[in-house]
Amino acid sequence: MQPANDRDVLLVVDAQNDFCPGGALAVPGGDEIVPTVNRLARDFAHVVLTQDWHPAGHTSFASAHPGKTPFETMEMPYGAQILWPDHCVQATPGAAFHRGLDIPHAALIVRKGFRAAIDSYSAFQENDRKTPTGLASYLRERGFERVTLCGLATDFCVLYSALDARAAGFAATVVLDACRGLDVDGSLARAIEEMRAAGVGLV
Ligand code: VGL
Ligand code: ZN
């Protein structure tokens with residue numbers, strides 16, 4: 001990887017307890033990335049964190065839909081949505097960052113998924129593909145040109161954040177050994193292909 005400079009920002013996606021072993025929506029090996037992410041963050045002067053941040057009863061929770069079970073797909077007004085176990089409920093321990101995450105110089109935390117009726121995998125845009133989080137404008141105003149991504153989960157929030165970074169005109173690179181995937185029905189292999197096709201660098 002080229003050295004990071006003032007055009008570079010590191011985006012650490014959803015390094016939260018619920019995505020780690022023992023959490024409500026555990027990503028296999030999710031906690032293993034923490035030391036790698038901390039090391040990576042030391043190479044970046046500029047770091048942004050994202051935090052999945054759902055109200056109780058969020059529409060992406062299977063528990064919000066009688067008769068539905070986690071990992072089923074359901075048609076929402078904005079399109080197909082995988083239903084998840086309740087996770088990352090606002091201000092609960094599961095929504096907190098992993099205790100080993102050590103990035104004191106992170107400048108911004110982008111919370112997403114806080115609207116009860118829309119899920120948001122991407123740090124840039126909610127799953128209706130039209131409600132912006134404001135991150136693209138922030139990054140442009142700060143003068144960043146290249147977004148390096150790591151975190152959880154490779155095949156959901158990292159994937160959509162990387163694709164949207166490209167769509168917003170940024171160069172994007174995903175550091176795969178600082179990510180772990182959920183792999184729902186082959187979603188991990190598809191994610192790698194989609195990112196490659198969109199011009200996302202994979203290292
Ligand atoms: C995520 C599923 C639901 C993620 C968030 O961070 O990848 N996945 N909410
Ligand atoms: Zn979520």
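Biologist: How are the donor residues of the zinc ion (ligand 2) spaced in sequence?

Modeller: The pattern is D-x1-H-x32-H. Bear in mind that this is a predicted model. The residues behind that pattern are Asp-52 (OD), His-54 (NE2) and His-87 (NE2).

Biologist: What makes those three count as donors of the zinc ion (ligand 2)?

Modeller: They sit at 2.0 to 2.2 Å from the zinc ion, and the cut-off for an N, O or S donor is 2.8 Å, so they qualify.

Biologist: Why is the site of the zinc ion (ligand 2) called irregular?

Modeller: Its four donor atoms make angles of 88 to 168 degrees. Tetrahedral would need all angles between 85 and 135 degrees, so the 168 rules that label out. The site didn't fit square planar either, so it ends up as irregular.

Biologist: Now ligand 1. How do you know that Asp-14 makes a polar contact with ligand 1?

Modeller: A polar side-chain atom of Asp-14 is 2.6 Å from an oxygen atom of ligand 1. The limit is 3.5 Å, so that pair counts. Backbone atoms join in too: a polar one of Ala-153 lies 3.0 Å from a ligand oxygen, and one of Cys-157 lies 3.1 Å from a ligand oxygen.

Biologist: How much of ligand 1 does the protein bury?

Modeller: 100% of the 260 Å² that ligand 1 exposes when taken alone. Ligand 1 also sits in the largest cavity.

Biologist: Which classes of residue make up the shell around ligand 1?

Modeller: Eight are nonpolar, one is polar and two are charged. Among the residues around ligand 1 are Phe-19, Trp-84 and Leu-152, along with Asp-52 and His-87.

Terms used:
Residues are numbered from 1 along each chain as its sequence is written. Chains are lettered from A and ligands numbered from 1 in the order in which they are written. This is a predicted model: local features need pLDDT of at least 70, side-chain atom pairs count only at pLDDT 80 or more; totals for chains, interfaces and linings use all residues. Side-chain values use heavy atoms; hydrogens and water are left out. A residue is near a molecule or strand if one of its heavy atoms lies within 4 Å of it. A polar contact is a pair of N or O atoms within 3.5 Å; within protein, one must be able to donate a hydrogen and the other to accept it, and residues adjacent in sequence count only if both atoms are side-chain atoms. Accessible areas come from the Shrake-Rupley method with a 1.4 Å probe; for residues, only the protein chains shown count as cover. On a 1 Å grid over the protein atoms alone, a cavity is a set of points where a 1.4 Å probe fits but cannot get out, and a pocket is an open set with protein on both sides within 12 Å along at least five of seven lines; lining residues have an atom within 4 Å of a point. A molecule sits in a cavity or pocket if more than half of its atoms lie within 2 Å of its grid points. Ala, Val, Leu, Ile, Met, Phe, Trp, Tyr, Cys and Pro count as nonpolar, Asp, Glu, Lys and Arg as charged, and the others, Gly among them, as polar. Donors are N, O and S atoms within 2.8 Å of the metal (3.2 Å for Na, K and Ca); water is not among the atoms, so sites may look incomplete. Four donors count as tetrahedral if all angles lie between 85 and 135 degrees; four count as square planar and six as octahedral if opposite donors are over 155 degrees apart and all others between 65 and 115; anything else is irregular.
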